[in-house]
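Please prepare a briefing on the structure shown below, written for a reader who has not met it before. It should go from single residues to the chain as a whole, with the terms explained along the way.

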Amino acid sequence: TCDTDCTAAACGDGVTNLTAGETCDTSGESAICDADCTAVACGDGVTNVTAGETCDDGGESATCDTDCTAATCGDNVTNATAGEFCDDGGQTATCDADCTAVVCGDGVANAPAGEQCDTSGESAACDADCTFAFCGDATVNVTAGEVCDDGINDGTSGSCAPDCSAAIP
């Protein structure tokens with residue numbers, strides 16, 4: 001109850017009183033001391049802006065990363081509680097820019113993963129394997145009007161025409 005200078009012990013008085021439970025006392029929040037007279041520690045549940053914390057929920061939460069920064073997709077910190085599967089700081093071969101796993105057909109084109117396009121399935125411009133649709137690509141794309149596609153686009157074989165009989169020997 002008493003500091004070494006014979007004044008009443010109080011957090012924020014600038015005198016660290018270990019007996020009173022203080023681990024530090026810098027007369028308020030500082031880069032090394034929280035306003036409750038405990039040492040700054042990310043994950044202690046006390047947000048210390050002076051020490052660079054933007055949040056501190058005592059661990060990972062939907063709004064706060066484990067490094068005491070706000071949960072944001074693209075910040076290189078994977079936060080599963082916030083719905084992130086991965087977070088590589090942007091689009092990579094294993095992670096989409098929206099922090100989801102790369103999956104052909106998810107509607108997110110991911111060039112580093114080898115996707116040329118992704119329209120959530122087959123479309124006139126995109127095959128179901130996330131490559132551009134064109135006659136002669138050996139993939140039948142019904143949405144693009146192909147009935148067959150023999151992988152040849154020589155302009156005469158009829159390989160993608162509605163009547164494929166010209167392509168059959």
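Cys6 is exposed, with a relative accessible area of 67%, where exposed means over 50%, buried under 20% and partly exposed in between, computed with a 1.4 Å probe and with protein chains only. The model is a predicted one, in which local features need a pLDDT of at least 70 and side-chain atom pairs count only at pLDDT 80 or more, while totals for chains, interfaces and linings use all residues. Residues are numbered from 1 along each chain as its sequence is written, and side-chain values use heavy atoms, with hydrogens and water left out.

**The chain as a whole**

- The secondary structure of the chain comes to zero helices and zero strands, these being DSSP runs numbered from the N terminus, with helices of type H or I and at least four residues, and strands of type E and at least two.
- The chain has 169 residues, of which 26% count as buried.
- Its accessible surface comes to about 9000 Å², and 58% of this surface belongs to carbon and sulfur atoms; the areas come from the Shrake-Rupley method with a 1.4 Å probe, and for residues only the protein chains shown count as cover.
- Among contacts between residues at least 6 apart in sequence, 7% join residues at least 24 apart, a contact meaning heavy atoms within 4.5 Å.

**Confidence in the model**

- The mean pLDDT of the chain is 89, and 90% of its residues reach 70 or more, on a scale from 0 to 100 that gives the predictor's confidence in each residue.
- Over residues 165-169 the pLDDT stays under 50, and for this stretch the model has five contacts beyond four places in sequence.
- Where pLDDT is low, the predicted coordinates should not be read in detail.

**Disulfides**

- A search of the whole structure finds eight disulfides, each being a pair of cysteine sulfur atoms within 2.5 Å.
- One of them is formed by Cys11 and Cys37, whose sulfur atoms are 2.1 Å apart; the torsion about this S-S bond is about 100°, so the disulfide is right-handed.
- Within this pair, Cys11 is partly exposed at a relative accessible area of 40%, whereas Cys37 is buried at 3%.
- Another disulfide joins Cys73 to Cys99, with 2.1 Å from S to S, and because the torsion about the S-S bond is about 105°, this disulfide is right-handed.
- Cys73 counts as partly exposed at 35% relative accessibility, while its partner Cys99 is buried, with a relative accessible area of 2%.
- Cys86 and Cys95 are also joined by a disulfide, again with an S to S distance of 2.1 Å, and the torsion of about 95° about their S-S bond makes the disulfide right-handed.
- In this pair Cys86 counts as buried at 9% relative accessibility, and Cys95 counts as buried at 0%.

**Buried polar residues and their partners**

- Glu84 counts as buried at 8% relative accessibility, and, leaving aside its neighbours within four places in sequence, Glu84 is in contact with Thr72, Cys73, Val77, Thr78, Asn79 and Cys99.
- The side chain of Glu84 reaches the backbone nitrogen of Asn79 at 2.9 Å, and a polar atom of the same side chain lies 3.3 Å from the backbone nitrogen of Cys73.
- The C-alpha atoms of Glu84 and Ala101, which are 17 residues apart along the chain, are separated by 9.0 Å.
- Asn48 counts as buried at 0% relative accessibility, and its side chain reaches the backbone nitrogen of Ala51 at 2.8 Å.
- Beyond its neighbours within four places in sequence, Asn48 is in contact with Glu29, Ser30, Cys33, Asp34, Val40 and Glu53.
- Asp137 counts as buried at 18% relative accessibility, and its side chain reaches the backbone nitrogen of Thr139 at 2.9 Å.
- With its neighbours within four places in sequence set aside, Asp137 is in contact with Asp127, Phe132 and Asp149.

**Backbone angles**

- Ser27 has a positive phi of about 60° although it is not a glycine, and Ser27 counts as partly exposed at 48% relative accessibility.
- Ser120, which is not a glycine either, has a positive phi of about 60°.

Conventions:
A polar contact is a pair of N or O atoms within 3.5 Å; within protein, one must be able to donate a hydrogen and the other to accept it, and residues adjacent in sequence count only if both atoms are side-chain atoms.
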